[in-house]
Amino acid sequence: MSVDKIYCMSSYLALRYIEDDSKDFFEGLHHQKMPQVSEDNKTKVRTAQEVDAAIRLTFSKEKNKRLGILLSGGMDSAILASYMRGADAYTFRFLDGKFQEDELRRAETYAEYCGLNLHYVDIDWNNTIKPHLDAVLKSKGAPVHSIEPQIRQAAVQAKNDGIMEMIIGESSDLKFGGMDQLLSQDWSLSDFKRRYIFTEPEKVLKETFDMSYLFNRYRKEEEQIDFLKFMDDVFSIESSGSYLNAFNSAGMAYIDPYANLKMAEPLDLSRIRGGESKYLIRKLFSIKYPDIPVPEKVPMPRPVDFYFRDWAGPTRPEFKENLDMSQFTGNQKWQIWCLERFLNLFE
């Protein structure tokens with residue numbers, strides 16, 4: 001292992017994780033990275049009915065445990081909830097003003113439909129960020145995704161309620177074609193890099209490392225990129241790693257029934273680009289909830305725009321001076337703030 005703070009800062013801002021497993025921010029603090037699951041151990045599915053059968057099999061193996069579920073207003077967790085009648089569901093509710101109320105109402109509808117015992121996880125700066133951020137930073141050995149403190153909060157709450165294992169539906173988007181914006185076209189390498197990078201390190205840091213090497217790894221002929229392979233390899237590590245770290249830091253076991261599934265046939269990009277993202281999951285939702293319209297995909301809500309609406313920006317010497325924070329989204333402000341918090345905590 002080697003210490004390379006400039007690389008690690010650039011990798012976190014660009015990718016939301018540290019891609020090179022041999023490099024760390026500081027001596028003696030190795031970052032956690034999500035291990036890849038062997039493709040050989042995944043169940044191939046072609047139809048909604050096969051997805052249903054595979055999920056039923058997963059739950060049959062968990063029948064002696066007291067389960068909880070992270071329940072949102074989306075399709076993925078709603079489908080999983082349909083196998084869990086009488087179980088405990090945990091839904092995020094935001095205390096600082098009105099925030100995605102439609103999402104909350106849908107989760108409440110699913111809980112009632114499935115006979116779940118619904119618990120609210122009340123999210124705000126004092127309940128969520130202050131008590132849970134440092135724990136996920138220390139566990140990961142790196143700055144974190146903005147969802148991690150609130151996932152840890154939910155895990156701690158469920159653990160205190162006696163839940164033995166949490167159910168999540170995080171992998172469905174990647175497995176079944178839910179990343180419709182990234183799947184919307186056949187990308188050139190440069191355009192995909194521009195679209196994918198979360199926060200450009202060059203806009204924030206005085207010294208940076210060029211992360212182009214990772215995108216070049218997936219280069220095809222005529223400057224195209226194998227974006228499907230990139231997403232399978234790169235996005236899966238970043239996204240699943242956030243859940244792994246949050247639950248691990250709380251000492252809570254979890255399982256994602258979608259994680260060990262894979263499409264038996266290539267994604268039908270024409271259907272996705274025609275507005276039918278996650279077509280197998282849409283079909284299964286309609287089977288499970290015939291009286292409820294299929295909801296459109298929304299990311300896990302987190303009130304980062306509210307948190308950082310008045311933030312003036314970072315002050316550490318690694319960052320450029322007098323940054324115009326109005327040019328950054330709430331999620332980008334979180335990354336910048338969280339990176340500074342991490343550096344302050346460990347240096």
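Which elements make a right-handed β-α-β unit? In this predicted model, the unit is built from strand S4, helix H3 and strand S5.

Strand S4 is a good place to start. It covers residues 67–70, and every one of them is buried. Leu 67 and Ile 69 point one way from the strand, while Gly 68 and Leu 70 point the other way. That fits the textbook picture: in a regular strand the side chains alternate between the two faces of the sheet. S4 has partners in both S5 and S7. With S5 it runs parallel, joined by 3 bridges, and here Ile 69 stands opposite Ala 89. With S7 (residues 165–167) the arrangement is again parallel, and 3 bridges hold the pairing; Met 166 of S7 is the bridge partner of Gly 68.

Strand S7 also contains Glu 165. Is this residue buried or exposed? Its relative accessibility comes out at 7%, so Glu 165 counts as buried, the cut-off being under 20%. As for polar company, the side chain of Glu 165 makes a polar contact with the side chain of Lys 65, at 3.5 Å. Leaving aside residues up to four places away in sequence, the contacts of Glu 165 include Glu 62, Lys 65, Arg 66, Leu 67 and Gly 68. Also among them are Met 252, Ala 253, Tyr 254 and Ile 255.

Next comes helix H4, residues 101–114. Its geometry checks out: at 1.5 Å a residue, the 14 residues should span 20 Å, and the end C-alpha atoms are indeed 20 Å apart. The buried residues of H4 are Glu 103, Leu 104, Ala 107, Tyr 110, Ala 111 and Cys 114. They cover an arc of only 120° around the axis, which puts them on the same side of the helix. The spacing behind such a pattern is familiar: an α-helix has 3.6 residues a turn, so residues three or four places apart point the same way. On the other side of H4, Asp 102 and Glu 112 are exposed.

What do the buried residues of H4 pack against? Two helices and two strands line up here: helix H3 (75–81), helix H12 (279–288), strand S5 (88–94) and strand S6 (117–123). Of these, H3 and S5 also belong to the β-α-β unit with S4. After H4 comes Gly 115, which has a positive phi, near 65°.

Key
Residues are numbered from 1 along each chain as its sequence is written. This is a predicted model: local features need pLDDT of at least 70, side-chain atom pairs count only at pLDDT 80 or more; totals for chains, interfaces and linings use all residues. Side-chain values use heavy atoms; hydrogens and water are left out. Helices (H or I, at least four residues) and strands (E, at least two) are DSSP runs, numbered from the N terminus. The expected span of a helix is 1.5 Å times one less than its number of residues. Buried means under 20% relative accessible area, exposed over 50%, partly exposed in between (1.4 Å probe, protein chains only). The arc is that of the directions from the helix axis to the C-beta atoms. Contact means heavy atoms within 4.5 Å. Two strands pair if DSSP finds at least two bridges between them. A crossover is right-handed if, with the strands pointing away from the viewer, the path from the first strand over the helix to the second runs clockwise. A polar contact is a pair of N or O atoms within 3.5 Å; within protein, one must be able to donate a hydrogen and the other to accept it, and residues adjacent in sequence count only if both atoms are side-chain atoms.
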